[in-house]
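The following exercises are meant to be worked through slowly, with the sequence and the structure side by side. Try each task before you read the solution beneath it.

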Amino acid sequence: MTEWQLIETALKDGTEVLGFDGVGQRVMRWESSLLFGECWFIPGSTKGYGDGLTNWKPTHWMPLPEPPKALE
């Protein structure tokens with residue numbers, strides 16, 4: 001796992017990353033939306049973009065870890 005990086009360096013190509021806003025962390029990805037414009041999308045949330053909180057502003061990010069290998 002790498003260290004937290006400033007949000008200005010985050011990937012904005014649709015890759016899911018882990019974001020931190022000073023309070024909590026969420027899986028997120030950068031997207032463009034006609035309704036919300038460009039913003040951090042929270043996959044799996046009930047309302048989509050920042051759970052309806054389009055003002056959620058992450059300050060840091062890091063790549064997601066590799067998932068564990070399947071048991072054979």
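**Exercise 1.** In this predicted model, find how many salt bridges a search of the whole structure gives, and work out which residues are linked in a network.

*Solution.* Begin with the count: the search of the whole structure returns 2 salt bridges. As a reminder, side chains of opposite charge can pair when their charged atoms come close.

Next, take the bridge between Arg29 and Glu16, whose side chains meet with N to O at 2.8 Å. This pair links distant parts of the chain, since Arg29 belongs to strand E3 (residues 25–33) while Glu16 sits in the loop between strand E1 (5–6) and strand E2 (17–20), 13 residues apart. Glu16 is partly exposed, because its relative accessibility is 33%, and the limits for that class are 20% and 50%.

Then turn to the second partner of Arg29, which is Glu31, with the closest N and O atoms 2.5 Å apart. Glu31 is likewise in the partly exposed class, at a relative accessible area of 21%.

Finally, put the two together: Glu16, Arg29 and Glu31 are linked in a network of salt bridges.

**Exercise 2.** Decide how each of the 2 aromatic pairs in the structure is arranged, and state whether Trp30 and Trp40 are buried or exposed.

*Solution.* It helps to recall that a pair of aromatic rings is described by the distance of the centres and the angle of the planes.

The structure holds 2 aromatic pairs. One of them is formed by Trp4 and Phe20, with 5.8 Å from centre to centre and 50° between the planes; because an angle under 30 degrees would count as stacked and one over 60 as edge-to-face, this pair is classed as tilted. The two residues come from distant parts of the chain, Trp4 from the segment before E1 and Phe20 from strand E2, 16 residues apart. Trp4 is partly exposed at 34% relative accessible area, and Phe20 is partly exposed at 27%.

Trp30 and Trp40 form an aromatic pair too, with centres 5.0 Å apart and planes at 70°, which is an edge-to-face arrangement. Trp30 lies in strand E3 and Trp40 in strand E4 (residues 37–41), so the pair ties together parts that are 10 residues apart in sequence. Both of these tryptophans, Trp30 and Trp40, are buried.

To complete the surroundings of Trp30, look for Lys12, whose charged end sits over the Trp30 ring at 4.1 Å from its centre.

**Exercise 3.** Describe the elements of the protein chain in order, and find which residues of E5 are the bridge partners of Leu6 and Leu18.

*Solution.* First, list the elements: the protein chain has 0 helices and 5 strands, and from the N terminus on they run β-β-β-β-β.

Second, follow strand E5 (residues 60–63), which pairs with E1 in the antiparallel sense over 2 bridges. Within this pairing of E1 and E5, Leu6 has His60 as its bridge partner.

Third, move to E2, which is joined to E5 by 4 bridges, again with the strands running antiparallel. Here the partner of Leu18 in E5 is Met62.

As a last step, consider the chain as a whole: of its 72 residues, 29% are buried, and among contacts between residues at least 6 apart in sequence, 47% join residues at least 24 apart.

How values were computed. Residues numbered from 1 in each chain as written. Predicted model: local features only at pLDDT ≥ 70, side-chain atom pairs only at ≥ 80, totals over all residues. Heavy atoms only, no water. Salt bridge = Lys/Arg side-chain N within 4 Å of Asp/Glu carboxyl O. Buried < 20%, exposed > 50% of the residue type's maximum accessible area, 1.4 Å probe, protein only. Phe/Tyr/Trp six-rings, centres within 6.5 Å; stacked < 30°, edge-to-face > 60°. Lys NZ or Arg CZ within 6 Å of the ring centre and 35° of its normal. Pairing = 2+ DSSP bridges. Contact = heavy atoms within 4.5 Å.
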